[in-house]
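User: I am new to this model and would like to know how its labels are justified. Please take me through the reasoning.

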Amino acid sequence: MRDLFTEIFENQPLDPMEAARKGARPKLRKRFYKRAHAGEGGAVLLDGKPVHTPARRALASPMQTLAEQLALEWDAQTDAIDPARMPLTRLANATIDAVSDAPQPVAEEIAKYLGFDLLFYRAEAPTGLVDKQSQAWDPVLAWAREALGARFVLAQGVVHVAQPGDAIAAARAAIPMQPWRLAATSSITTLTGSALLALALAHGALDADTAWTAAHVDEDWQMSQWGRDELALERRAYRRAEFDAAVTVLKLAT
């Protein structure tokens, strides 16, 4: 059964749109269990048998409520087990197999975003976009300044502007190092392009919808001017599921 779990989660294209473009048709395993539930100690069980990560470790959470959410994701699978529809399990696999063993490199990757965060680079025009960026992003920068003591520099356009080292260090110190919360913060950083949005979420300074909207100000503005991009919206929906899984971990992990 261990090899089965490895096959399910290591050898499948996760993004269905990317898989379609490459002509890949994922070979999904049929559901082979009747019931998924969280056992004692936070282990995810299928018909009473433990689930394993690709590295053959127990799929388990030290937080029972999070383990229950993982079990619900497995129970929601219908005829086949589709990794693309299991973002919480994929994040748990990454946490258990990688982040728990080496949290420092993960934190450093988040910190790199603090040098070129999405929120620093502002449009020069049109006025409508400038205003929307300010409305969505300025409160987060104000939070970083007041709560973290991190004063960042803004720029117009896309030319890189070096950020003060003390600002980066102050925000770096706010990265949560508990492995599950660290993995969730890392996921949100890459999904939004903003470590500051991820940190604000992790510290309860933003709610999920506000952070997600802030991450898509530019994209939404373009669609308001030129019409809906259905492919972009499909990809966004897929990323939103990843984002929501990370937010769930932030809420439940302690």
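Analyst: Contact here means heavy atoms within 4.5 Å. With that cut-off, the buried residues of helix α8 are covered by parts that include α3 (64-75), α4 (87-99), α5 (103-113), α9, α10 and α12. The model is a predicted one.

User: What makes α8 largely enclosed by the rest of the structure?

Analyst: A residue is buried when its relative accessible area is under 20%. In α8, 12 of the 14 residues are buried, so the helix is largely enclosed by the rest of the structure. Among them are Trp180, Arg181, Ile188 and Thr192.

User: How do you know that the length of α8 agrees with what a helix should span?

Analyst: The expected span is 1.5 Å times one less than the number of residues. For the 14 residues of α8 (residues 179-192) that gives 20 Å, and the end C-alpha atoms are 20 Å apart, which agrees.

User: What is found at the two ends of α8?

Analyst: At the N-terminal end, glutamine 178 acts as a cap, with a side-chain oxygen 2.8 Å from the backbone nitrogen of tryptophan 180. That distance is within the 3.5 Å allowed for a polar contact. After α8 comes glycine 193, with a positive phi near 75 degrees.

User: How does α6 fare in the span check?

Analyst: The 22 residues of α6 (residues 127-148) should span 32 Å, and the end C-alpha atoms are 30 Å apart, which agrees. The helix has a kink of about 35 degrees at tryptophan 137, shortly before proline 139. Tryptophan 137 is one of the buried residues of α6, along with others including Leu129, Trp143 and Leu148. The cover over the buried residues of α6 includes β6 (121-122), α7 (165-172), α9 (195-202), α10 and α11 (217-226). Glycine 149 follows α6 and has a positive phi, near 75 degrees.

User: Why is the pair of phenylalanine 32 and tyrosine 33 called edge-to-face?

Analyst: Two values describe a pair of aromatic rings: the distance of the centres and the angle of the planes. Ring centres must lie within 6.5 Å to pair, and planes over 60 degrees apart count as edge-to-face. By this rule there are 5 aromatic pairs. Phenylalanine 32 and tyrosine 33 have ring centres 5.3 Å apart and planes at 80 degrees, so the pair is edge-to-face. Ring pairs also link Phe32, Tyr33 and Trp74 into a cluster.

User: Are phenylalanine 32 and tyrosine 33 buried or exposed?

Analyst: Tyrosine 33 has 5% relative accessibility and therefore counts as buried. Phenylalanine 32, with a relative accessible area of 34%, is partly exposed, because that label is for values between buried, under 20%, and exposed, over 50%.

User: Why is the pair of tryptophan 212 and phenylalanine 243 called tilted?

Analyst: Planes under 30 degrees apart count as stacked and those over 60 as edge-to-face, which leaves tilted for the rest. Here the planes are 45 degrees apart and the centres 4.8 Å, so the pair meets the rule and is tilted. Tryptophan 212 lies in α10 (residues 208-215) and phenylalanine 243 in α12, so the pair ties together parts that are 31 residues apart in sequence. Both tryptophan 212 and phenylalanine 243 are buried.

User: Which other contacts involve α12?

Analyst: Arginine 240 lies in α12. Not counting residues up to four places away in sequence, arginine 240 touches Ala208, Asp209 and Trp212. Glutamate 230 also lies in α12 (residues 230-252). The side chain of glutamate 230 is 3.0 Å from that of arginine 228 in a polar contact, and glutamate 230 is partly exposed at a relative accessible area of 43%.

User: What makes the backbone at aspartate 47, arginine 56 and proline 126 worth noting?

Analyst: Most residues other than glycine have a negative phi, and most peptide bonds are trans. Aspartate 47 has a positive phi of about 50 degrees and sits in the loop between β3 (44-46) and β4 (49-50). Arginine 56, in the loop between β4 and α3, has a positive phi of about 70 degrees. The bond from alanine 125 to proline 126 is cis, with omega near -5 degrees; proline 126 is in the loop between β6 and α6.

Conventions:
Residues numbered from 1 in each chain as written. Heavy atoms only, no water. Helix = DSSP H or I, 4+ residues; strand = E, 2+ residues; numbered from the N terminus. Buried < 20%, exposed > 50% of the residue type's maximum accessible area, 1.4 Å probe, protein only. Polar contact = N/O pair within 3.5 Å; in protein donor to acceptor, adjacent residues only side chain to side chain. Phe/Tyr/Trp six-rings, centres within 6.5 Å; stacked < 30°, edge-to-face > 60°. Bend = angle between axes of the 7 residues up to and from the residue.
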